Amino acid sequence: MRTRTHSRPDPLTTVRNLGILAHVDAGKTTVTERILFATGTIHKRGEVHDGTTVTDFDALERARGITIFAAAVSCAWDGHRVNLIDTPGHVDFADEVERSLRVLDGAVAVFDAVAGVEPQTESVWRQADRHGVPRIAFVNKLDRAGADLDAAVASIRDRLGAVPLVVQLPVGREDAFTGVVDLLRMRALLWGAGADSYETAPVPEALREEAERRRRLLEETVAELHPDALEEFCSAGSLGEATLVRALRELTLAGDGVVVLCGSAYRNRGIEPLLDAVVAYLPSPADMPAVQGRPADPAEPLAALAFKVTATATGRLTYVRLYAGTLRRGDTVLDPGTGRTERVGRILRVQADRHEEREEAVAGDIVAVIGPKAARAGSTLCAPGAPLLLEPPTVADPVVSVAVEAARSTDTGRLSAALARIAEEDPSLVVRTDAETGQTVLSGLGELHLEVAVEKIRRDQGVEVVVGRPRVSYRETVVEGVSGLAYRHVKQDGGAGQFAHVVIDVEPLGEPGFAFRSAVVGGRVPQEYARAVEAGCRDALAEGPLGGHPVTGLRVVLTDGATHSKDSSELAFRAAGRFALREALRASTLELLEPVAEITVTVPDESVGTVLGDLAARRGRVTGSATRTGTAVVTATVPLAELFGYASRLRGRTQGRGTFTTRPAGLAPVPAAVAATLLAAR
């Protein structure tokens, strides 16, 4: 590991913590690589197809040509420190994106100029919406055949519900794309063949009228959204550059508009203006609200969130975002979730797989630390004398499972240790032992997710793993409930006994999840016992009566009950809640649910009929179709269980020319005939 010492903190207002978000193959990693080159952080451009980029440094990423693990890098531009996280674009690694978005202040969303908004673009955009992360957009690949900035912008408006604020106009189309017109300063930025930087020139005469029209449209849109801009527009009839820049920044921070730039990262065109926009429009840590009353101030007590854990040859790296305070080498920090204190041995500024040693990190920094042994992704690290608990990133429920076992019995212990380690690094991976078969089951977010996990075990631990056929995670839900089900729990085996009497109603909730409500009046069931009943009901949700699958989509109402002056306890009421709900579920009408995915298939026109027939055979429901110069794009909702092996089938039916992407689309009822077959096979 190459390191060098760096100790001077950056002023908060000159720091930008941002992620690069996009659909797979939109060019995220190439954008990141060109940013590092433009800022002088690297001196040779790497390429995804050559496996030479800085952020796709893992052998699995280089072999597959996609980003699998979120990678952090840092660079400097125009007196600002830019901390970047290059996130995965494949749906199976959406949890990496979720953990990254939890600690970022802003983001650059990258769009393919030919495809516009794609399925995973929409997913990561919604994730950013949930976290309130301000974004700017970069429409990439303008040098490709069929590239269309206006069509891409229209898809941002129509599919994402955003207000695009386009600040550039392309100079040239497709292969002839050579630069952009800067609509704020009304000048052309032109890149020559093989040039590493642009030259400034007057707006080409052929584009002047169009540039003025678009500048006017930008001013009108901004004036409609920003009160101060509207006042200037009404009084002067136009907006000055300073007013426009200030309004664009404020609209970006408020989430009321999205600044749109364009270029071709592969040809190194448009990167410097993108960096200027990052500095001008995206927030610094000082712009973010205080976290539980603690502002982003190095003088405040420490408040940090761990969002990623990796095991390396040099030790266990815990990636943290500091929200307040200062962290110094040798400090002792508290994990309030476990109550443990741990010592920070080293602080590192991360540069993908390389690191810079630091003496300290301050509020606003994203760094890695070596020392903490028990911290997990989502753990809070804070000053022992000023504890607080930060909200952890949400973890998606696994949808696909495989049975795994060591090929040699002597490796069983090593496999168990490897599985524990990989589940610690990736919280969306779950390892359990099947109660019926005794098999070790690994669950994750998709086939590729599990393939990568198994490959990582084989590579890092040298353990040969035998993998079973993938299986999806089914759920059971209530279609018709019961009311007035009474259950009396009585247990007497010497000493104090157990007594609890409960009456519950069970009804459909109408959506995945569980809701509990106590409607008991007159204090017949005290509140603490009602909470115990709820805990018991949650225990009962682990296995449903149909096939032993988890139960979801129901509401339980506690309507009555009774206590005993000596023998009632929270333990007794928890047991009563558990057994009552089990009985109620057996008396209810339930149905089986299965995970479904929205699939987008791109195929040659002549293969459409074959592909539609295959989707129908997989119980798919076509939801839309479109054509693009010799190709057809079909969207459909398909049960996840029917998509195993679909990649090879699609390649075979389209002579290798078909591609597809998927994203989770929730749960859907399993048809009765299919459910009967599944349940009979248990």
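This is a short tour of a predicted model, stop by stop, with something to select at each one.

**Stop 1: the seven-stranded sheet**

Start by selecting the strands β3, β4, β2, β5, β6, β12 and β7. In that order they make an open sheet of seven strands, and the pairing is mixed. Look at the edges next: β3 (71–77) and β7 (164–166) each pair on one side only. Going from one strand to the next, the twist averages 30 degrees.

Now zoom in on β5 and strand β6 (residues 135–140). These two run parallel and are joined by six bridges. If you'd like one bridge to look at, pick A109, whose partner in β6 is A137.

**Stop 2: an aromatic pair and a charge**

Stay with β5 and show the side chain of F111, then add W125. Together they form a tilted aromatic pair, 6.2 Å centre to centre, with 55 degrees between the planes. F111 is in strand β5 (residues 106–112) and W125 is in helix α4 (residues 119–131), so you are looking at a link between distant parts of the chain, 14 residues apart.

Are these two rings buried or exposed? F111 is buried, at a relative accessible area of 1%, and W125 counts as buried too, at 4% relative accessibility.

Before moving on, show R135. The charged end of R135 sits over the ring of W125, 4.5 Å from the ring's centre.

For another arrangement of this kind, jump to R321 and Y323. R321 lies over the face of Y323, at 4.7 Å from the ring centre.

**Stop 3: the nonpolar cores**

Come back and select V108, I136, V222 and L248. These are the residues with the most contacts inside the largest nonpolar core, which has 42 residues. Which helix gives the most to this core? That's helix α9 (residues 271–281), with seven residues.

Center the view on I136. Leaving aside its neighbours within four places in sequence, I136 is in contact with a number of residues, including V108, A109, T252, L274 and Y281.

One of those contacts makes a good next click: T252. You'll find T252 in helix α8 (residues 241–254), and at 1% relative accessibility T252 counts as buried. With its neighbours within four places in sequence left out, T252 touches P134, R135, I136, G257, V259, Y281 and L282. Add R16 to the selection as well: R16 and T252 are 236 residues apart along the chain, and their C-alpha atoms are separated by 14 Å.

There's another core of 37 residues, apart from the 42-residue one. To find it, select V400, V454, I457 and A597, which are among its members.

**Stop 4: the four-stranded sheet and its helices**

Next, select β29, β30, β33 and β31. In that order these four strands form an open sheet with mixed pairing. The edge strands are β29 (482–491) and β31 (514–518), each pairing on one side only. On average, neighbouring strands of this sheet are turned by 25 degrees against each other, direction ignored.

Follow the pairing of strand β30 (residues 498–508) with strand β33 (residues 554–562): it is antiparallel and runs over eight bridges. For one partner pair, show P508 and its bridge partner in β33, L554.

Now add the helices. Helix α12 (residues 527–540) packs on the sheet and touches β30, β31 and β33, its direction making about 155 degrees with that of β31. Helix α13 (residues 570–587) lies across β29, β30 and β33, and runs at about 40 degrees to β30.

**Stop 5: a stacked pair between the helices**

The structure holds six aromatic pairs, and here is another one to show: Y529 and F573. Their rings are stacked, 4.7 Å centre to centre with 15 degrees between the planes. Y529 lies in helix α12 and F573 in helix α13, so the pair ties together parts that are 44 residues apart in sequence. Both residues, Y529 and F573, are buried.

**Last stop: strand β28**

Finish by selecting strand β28 (residues 475–480). With strand β34 (residues 589–604), β28 pairs in the antiparallel sense over five bridges, and V478 stands opposite L590 in β34. What about strand β32 (residues 551–552)? There, two bridges join β32 to β28, and the two strands run parallel. Show T477 to see it standing opposite T552 in β32.

How values were computed:
Residues are numbered from 1 along each chain as its sequence is written. This is a predicted model: local features need pLDDT of at least 70, side-chain atom pairs count only at pLDDT 80 or more; totals for chains, interfaces and linings use all residues. Side-chain values use heavy atoms; hydrogens and water are left out. Two strands pair if DSSP finds at least two bridges between them. Axes are lines fitted to C-alpha atoms, for helices over the stretch in contact, and angles run from 0 to 180 degrees between N-to-C directions. Contact means heavy atoms within 4.5 Å. Rings of Phe, Tyr and Trp (its six-membered ring) pair if their centres lie within 6.5 Å; planes under 30 degrees apart count as stacked, over 60 as edge-to-face and the rest as tilted. Buried means under 20% relative accessible area, exposed over 50%, partly exposed in between (1.4 Å probe, protein chains only). A charge sits over a ring if NZ of Lys or CZ of Arg is within 6 Å of the ring centre and within 35 degrees of the ring normal. A nonpolar core is a set of buried Ala, Val, Leu, Ile, Met, Phe, Trp, Tyr and Cys residues joined through side-chain atoms within 4.5 Å.
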